[in-house]
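Me: Please go through the packing of this model with me, from the overall fold down to single side chains.

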Amino acid sequence: MDSSTAPVAIDNHHQNPRNLLPSQKGGWSAAIFIIFVEMAERFAFYGLAGNLITYLTNNLGQPVAAAAKNVNTWVGVSSIFPVLGAFVADSYLGRFKTILASSFIYFLGMVLLSLSVSVIPAHSRKPVFFTALYILAIGEGGHKPCVQTFAADQFDENNPEEKAAKSSFFNWWYLGIVTGASVAIVLVIYLQENVSWAAGFGVLAASLALALALFLIGMKRYRKQSPTGSPFTTVAQVIVAAARKWRLTETRGCRGICYDDDGGRKTMGHKLVRTKQFR
């Protein structure tokens, strides 16, 4: 084999998995329900985050510096958890079940948050409040990496009509996020100034409950994927293989080291011309 063109089979399973269940509809009739889930989650997140420092300073009596530190820590943890959520969705649960579980966790966290500013005794309010915050971070971890991708699963790239609808869908998607975030911040500020914090957080919890109900209503319309395996596993395999073959010569038995050998399996892939980089 000519070592200058020894092929490598690249498995596109992770980039373009087609293990969708054929009996499910997808398209706009399914995606519209997913928009409501994302709007409600963004509504709740920004409604809370936009007013959190005010609550910590005015109601829990924290200095501004301490309140800012606590908010930044919570936002940071909420940004890290999606890595774990993506791993769980890809390896074990699939996107639909991960979204369902995380939405339920998010709702429970918001309910606990509402209780912490109302019926929980003053001496226990602070620990319950922060417990609720980090329950929300766990829910965010499962929700954030899956919802937008699950929405994309509803449109078939091989169907010209659905491919065109997909672009239109994401225009509405981002409009919904911006609208939900803006309304949430303004509404919670108004409620906490004119009614109570419990009313403000209660509205956020109610929006999550409504979105979860709508998500379940659309359950029979969704195109779902089974877990495809975590990309972290593939990355680890490449690193281990590279370390084990570091000192190998470029040919063995008159044959290039890199060759297409999938053990008889049929894989979707394409060939890459060999280079002298990253031997």
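The turns below cover the fold, the nonpolar cores, the ring pairs and the charged side chains of this predicted model.

Me: What pattern does the protein follow along the sequence?
Reply: The predicted model has nine helices and two strands. Of its 279 residues, 37% count as buried. Read from the start of the sequence, the order of elements is α-α-α-α-α-α-α-α-α-β-β.

Me: Which residues touch the most other members of the largest nonpolar core?
Reply: Nonpolar side chains in soluble globular proteins tend to be buried together. The largest core here holds 29 residues. Elements giving two or more residues to this core include helix 1 (28–49), helix 4 (95–116) and helix 8 (197–217). The members with the most contacts to other members are Leu 48, Leu 113, Phe 129 and Leu 133.

Me: How many residues does the second, separate core have?
Reply: Among the members of this second core are Ile 34, Ile 35, Ala 152 and Ile 177. The core is separate, and its size is 22 residues.

Me: Are the planes of Phe 155 and Phe 169 stacked, edge-to-face or tilted?
Reply: The model has 20 aromatic pairs. For Phe 155 and Phe 169, the ring centres are 5.3 Å apart, inside the 6.5 Å limit for a pair. Their planes meet at 45 degrees, which is neither under 30 nor over 60, so the pair is tilted.

Me: Where in the chain are Phe 155 and Phe 169?
Reply: Both Phe 155 and Phe 169 are buried, and ring pairs join them with Trp 28, Phe 170 and Trp 173 in a cluster. The two phenylalanines are 14 residues apart and link distant parts of the chain. Phe 155 is in the loop between helix 6 (147–153) and helix 7 (160–194), and Phe 169 is in helix 7.

Me: Which side chain of opposite charge is nearest to Glu 38?
Reply: Glu 38 belongs to helix 1 and is buried without a salt bridge. Apart from neighbours within four places in sequence, its contacts are His 143, Val 147, Trp 173 and Ile 177. At 4.0 Å, the nearest side chain of opposite charge is that of Arg 42.

Me: Which ring does the charged end of Arg 42 sit over?
Reply: A charge over a ring occurs elsewhere too, with Lys 224 over the face of Phe 96 at 4.3 Å from the ring centre. For Arg 42, the distance from the charged end to the ring centre is 4.8 Å. The ring is that of Phe 45.

Methods. Residues numbered from 1 in each chain as written. Predicted model: local features only at pLDDT ≥ 70, side-chain atom pairs only at ≥ 80, totals over all residues. Heavy atoms only, no water. Phe/Tyr/Trp six-rings, centres within 6.5 Å; stacked < 30°, edge-to-face > 60°. Helix = DSSP H or I, 4+ residues; strand = E, 2+ residues; numbered from the N terminus. Buried < 20%, exposed > 50% of the residue type's maximum accessible area, 1.4 Å probe, protein only. Lys NZ or Arg CZ within 6 Å of the ring centre and 35° of its normal. Core = buried A, V, L, I, M, F, W, Y, C linked by side-chain atoms within 4.5 Å. Lys, Arg positive; Asp, Glu negative; His and termini not counted. Contact = heavy atoms within 4.5 Å.
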